[in-house]
Each structure stands twice: as structure tokens, then as C-alpha cells.
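Student: I have a model open and want to work through it. Can you take my questions one by one?

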Amino acid sequence: SPCKPAPPDAPRLISILTHSLSVTWDKPDDHGAEIIDYTLVLLSGEASHRIDDLLRDSDQRAQVEVNRAIDTDGDGKLSMEELKAAMRDPEIRAVVASLSDQRDALLQAELVPKEFPTIEAPKDWTDPRHTFEGLVGGVEFSVAVRARNSEGDSEWSLALRGLRTPCAVPEQCLPPVMLEAEMHALRCEFRLPYDNGDPITHVEFQWHRKGSPIDQYLATGGRMPSRRKRELLSYSDCDTVEVLLPTGAGALARAPPWGHGGVGEGVLPSLHPGTEYEVRVRAVNGHGAGAFSPGVKMVCLAGAPEVPSHHRHADATSRAVPPQVEGQQVRDLLSVSDAGDDGEVDTEVLPTVFFGHTGRLQEHEVVSVAAQGRRMQERRSLSALEDVRRCQPDPLDEA
């Protein structure tokens with residue numbers, strides 16, 4: 001009568017890369033029932049040296065649970081009658097099948113997360129080969145395979161041992177974290193990724209300038225001396241800062257495979273006040289630079305405003321306040337220092353100095369010398385006075 005298939009021979013290596021490994025194997029004797037599936041296990045690190053013992057112990061524990069389900073009289077021994085009854089009883093067969101399906105999950109649970117076990121089945125069981133993805137460099141692996149037919153699983157094959165993935169550039173870093181912002185510098189934190197078998201020597205921060213108050217000022221029609229404008233436009237939009245890792249007693253901890261290591265800091269100098277930057281980081285070893293982390297937006301502290309671009313006295317017909325505002329409203333808009341000895345304010349001729357926009361002031365802080373800017377200021381003043389008039393009556397109007 002049909003029975004479980006024979007264990008396959010040890011797998012053979014097809015190819016091995018930093019992040020993948022491909023193996024093949026020969027189809028075993030099916031013992032009268034067609035093979036319907038294969039299962040492969042991949043173990044890494046120290047567990048790869050003990051793969052045969054680990055798989056044998058796992059099968060023995062699973063077999064103990066199966067025997068307990070078949071042993072209906074509870075004497076700890078399996079009689080021929082109990083085995084025949086188990087083959088005929090659908091409930092016992094269902095329990096045995098469930099225990100067999102669970103043993104792979106139990107094996108993986110025992111080893112995670114230290115040994116990174118991977119238990120997989122080929123996409124096409126008629127083609128005896130398989131590729132493991134998601135590996136890392138500089139790690140030793142071992143592979144074993146078993147077959148399944150309608151009667152159950154075979155024993156595990158002997159393991160293919162001593163497979164070491166080649167070293168490569170470090171893995172991608174986590175996004176940097178801003179620790180402190182100054183007017184001309186940013187202090188950032190990074191965490192070491194796995195180095196793929198070759199120790200990391202330094203990390204590189206890269207920043208991109210995303211926008212600043214000066215950019216906004218010029219984009220909205222602001223003016224400044226040509227020499228200063230050329231100087232501002234000459235600022236770099238991108239730069240890279242290298243941070244060497246400490247050695248000796250202060251060295252950062254290396255990351256384990258598929259993990260992250262020690263935490264370090266780096267300073268990005270020569271930046272500009274109030275400017276927004278996108279910062280990312282990558283690790284570098286003897287094989288080259290890894291992938292940059294996702295970018296993080298950071299903003300330097302605001303600084304002092306630019307020197308006003310120009311100033312002038314208004315001509316004799318200029319007025320310090322909008323011509324539509326008179327009487328008490330004028331007194332509300334002008335300071336006490338603008339009044340004469342008799343307390344009256346001269347609104348006809350009042351020399352006034354107007355200043356141009358400065359590069360680092362916010363919109364509500366800017367005073368413009370342009371006529372358009374002055375009209376905007378007048379409209380704001382009138383709007384504020386209209387709000388006051390709606391709230392309380394004007395004594396001059398009542399008189």
C-alpha cells in the first residue's frame with residue numbers, strides 16, 4: 001500500500017547573491033503516492049551549523065503529539081489495533097493532519113528572531129528548485145528539503161551547509177532625527193544599519209534647500225541691491241557632510257543581520273537662518289555607499305532681518321496717513337510725538353521716511369516704499385478703523 005515518500009537527497013546550490021539564494025534537488029521515491037508538495041527550510045548564523053539536529057528534534061516532538069492523539073487507551077504504547085483504528089477514524093486523521101501542519105510553525109516560533117528561519121514551499125512543485133529572497137550579506141546559511149504526498153511528509157533531507165552570502169554595501173539607514181536647530185547649523189542623530197559583512201567607516205548626510213524667507217520675498221516681487229541678490233542666489237542648493245565613526249572604546253555597536261546598531265550624531269554647518277532643508281543619511285563601508293534614507297524636513301532658527309534696501313523722504317505733498325482718515329481717527333493712528341504744542345496734529349504736511357522690504361521679515365512685519373505697498377497698508381488701516389467704528393460710535397460724528 002502507498003506510504004510517505006522517501007527523504008530527498010541534500011539540495012544543490014544554483015546561485016548565491018547578497019540578497020538571494022537558489023537551490024535545486026532530485027525528486028525522491030514517492031512510495032506509490034504521487035508527490036504533491038515540497039517544503040524547504042533555511043537557517044542562518046549559529047543555527048545553520050545545527051540544522052540536522054534541530055530538524056530531527058522538531059520532528060520527534062511533533063511525532064510525540066501525533067502518538068498521543070492515536071493512543072486511545074493512554075498506556076503510552078501504540079498497538080496495531082490503535083494504528084488501524086487511527087487510519088479508519090476521520091476524527092483522528094484530522095487531528096494528526098493538523099499536528100503535522102503545525103510543526104513547521106512551531107519550529108519557526110522556537111528560533112525567531114535569533115536565527116531568522118525561513119520555511120517556504122516552491123511555487124511549482126513539479127519543478128524541484130527554489131529561490132530564497134530577502135537575505136543579507138556576510139551571513140552563513142544552511143538549507144534542507146522534504147517531500148509530501150497524500151500519506152504525509154517525508155523526513156528532512158541532509159542539509160546543504162556552508163553557504164555564505166557575499167559582502168556588499170550597507171543596508172538603507174533609518175531617517176535622521178533632528179536634535180537641535182541653530183541659525184546656521186542643524187544637529188542630527190543617525191542609527192547604524194546592518195553593514196552586510198563589511199564594517200561601516202562613516203556616514204554621509206545630504207541636505208537639499210527647499211525654501212527660505214528670501215526666496216519667498218524675491219518671488220513676490222521684493223527688491224534688493226543686485227550685489228546682495230547675486231550673493232543670495234549663489235548659495236548652494238545641495239551639499240554632503242561626512243561624519244567619521246568613532247573607534248576604540250567609543251565605537252558604535254555594529255548592527256546584527258536584519259537589525260540596527262548604535263546611535264551617533266552629526267552637525268550640518270554653513271546653513272542659513274529660517275531656511276527649510278530636506279536631510280537624509282546613508283552609511284559607507286569598504287564596498288561603497290548604501291542607499292539614502294527617506295528625507296526629513298528640518299528648519300534652522302530665524303535670524304535678524306536684512307538691512308533695508310533703501311529709504312527716502314516723502315515729497316511735500318505726501319501725507320503720513322491716508323487722506324480719507326481725519327479727526328479723532330488720525331490721533332488713533334499717529335503717536336503723541338507727532339502732535340504740536342496745542343495738541344493738534346498737522347495732517348497736511350508731515351515728512352515721513354519709508355523703508356523697503358527686508359529679506360527675512362514675515363509678511364505682517366514688512367513696510368514697503370512702493371506705492372502699491374503703501375496702498376495696501378492704507379487699506380489695512382481703514383479696515384481696522386471700520387471694525388472700531390462698528391463696535392462703538394465716533395464722538396465727532398455725534399457732534
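**Questions on a predicted model**

Tutor: Keep in mind that this model is predicted. Start with a loop residue.

Student: Is Ser48 buried or exposed?

Tutor: Ser48 sits in the loop between strand 3 (37-44) and helix 1 (51-70). Beyond its sequence neighbours, Ser48 is in contact with Leu43, Glu140, Phe141, Ser142 and Arg161. Its relative accessibility is 2%, and the cut-off for buried is under 20%. So Ser48 is buried.

Student: Is Leu158 buried or exposed?

Tutor: Leu158 is also a loop residue, between strand 7 (152-153) and strand 8 (160-164). Its relative accessible area is 62%, and exposed means over 50%. Leu158 therefore counts as exposed.

Student: Which residues does Leu158 contact, leaving aside its neighbours within four places in sequence?

Tutor: Take Pro11 as one case. Pro11 and Leu158 are 147 residues apart in sequence, yet their C-alpha atoms are 8.0 Å apart in space. Pro11 is on the contact list. The full list is Ala10, Pro11, Asp52 and Val143.

Student: How many salt bridges does the structure hold?

Tutor: One joins Asp153 and Arg148, at 2.6 Å from N to O. Asp153 is buried at 8%, while Arg148 is partly exposed at 25%. Counted over the structure, the number of salt bridges is 12.

Student: Which residues are linked in a network of salt bridges?

Tutor: Begin with the pair Arg187 and Glu180, whose side chains meet at 3.3 Å, N to O. Arg187 is partly exposed at 26%, and Glu180 is partly exposed at 36%. A further residue, Glu265, belongs to the network. The members are Glu180, Arg187 and Glu265.

Student: Arg282 forms a salt bridge with Glu204. How far apart in sequence are the parts that this pair ties together?

Tutor: The closest N and O atoms of Arg282 and Glu204 are 2.8 Å apart. Arg282 lies in strand 14 (residues 276-285) and Glu204 in strand 11 (residues 200-211), so the pair ties together parts separated in sequence by 78 residues.

Student: Which residue of that pair is buried, and which is partly exposed?

Tutor: Arg282 has a relative accessible area of 23%, so it is partly exposed. Glu204 has 14%, below the 20% cut-off. The partly exposed residue is Arg282, and the buried one is Glu204.

Student: Why does Cys188 have no disulfide bond with Cys300?

Tutor: A disulfide is a covalent bond between two cysteine sulfur atoms. Cys188 is buried, at 0% relative accessibility. Its closest cysteine sulfur is that of Cys300, but the gap is too far for a bond. The distance is 9.4 Å.

Student: How many disulfides are there in the count?

Tutor: The cut-off is 2.5 Å between sulfur atoms. Cys188 fails it because its closest cysteine sulfur is 9.4 Å away. The count of disulfides is 0.

Student: Which residues touch the most other members of the largest nonpolar core?

Tutor: This core has 21 residues. Strand 10 (186-193), strand 11, strand 12 (238-244) and strand 14 each supply at least two of them. Those touching the most other members are Leu186, Phe190, Val203, Phe205, Leu268 and Val279.

Student: How many residues are in the other core, apart from that one?

Tutor: It lies apart from the largest core. Its members include Leu21, Trp25, Leu40 and Phe141. Phe141 is also one of the contacts of Ser48. The number of residues in this other core is 19.

Conventions
Residues are numbered from 1 along each chain as its sequence is written. This is a predicted model: local features need pLDDT of at least 70, side-chain atom pairs count only at pLDDT 80 or more; totals for chains, interfaces and linings use all residues. Side-chain values use heavy atoms; hydrogens and water are left out. Helices (H or I, at least four residues) and strands (E, at least two) are DSSP runs, numbered from the N terminus. Buried means under 20% relative accessible area, exposed over 50%, partly exposed in between (1.4 Å probe, protein chains only). Contact means heavy atoms within 4.5 Å. A salt bridge is a side-chain nitrogen of Lys or Arg within 4 Å of a carboxyl oxygen of Asp or Glu. A nonpolar core is a set of buried Ala, Val, Leu, Ile, Met, Phe, Trp, Tyr and Cys residues joined through side-chain atoms within 4.5 Å.
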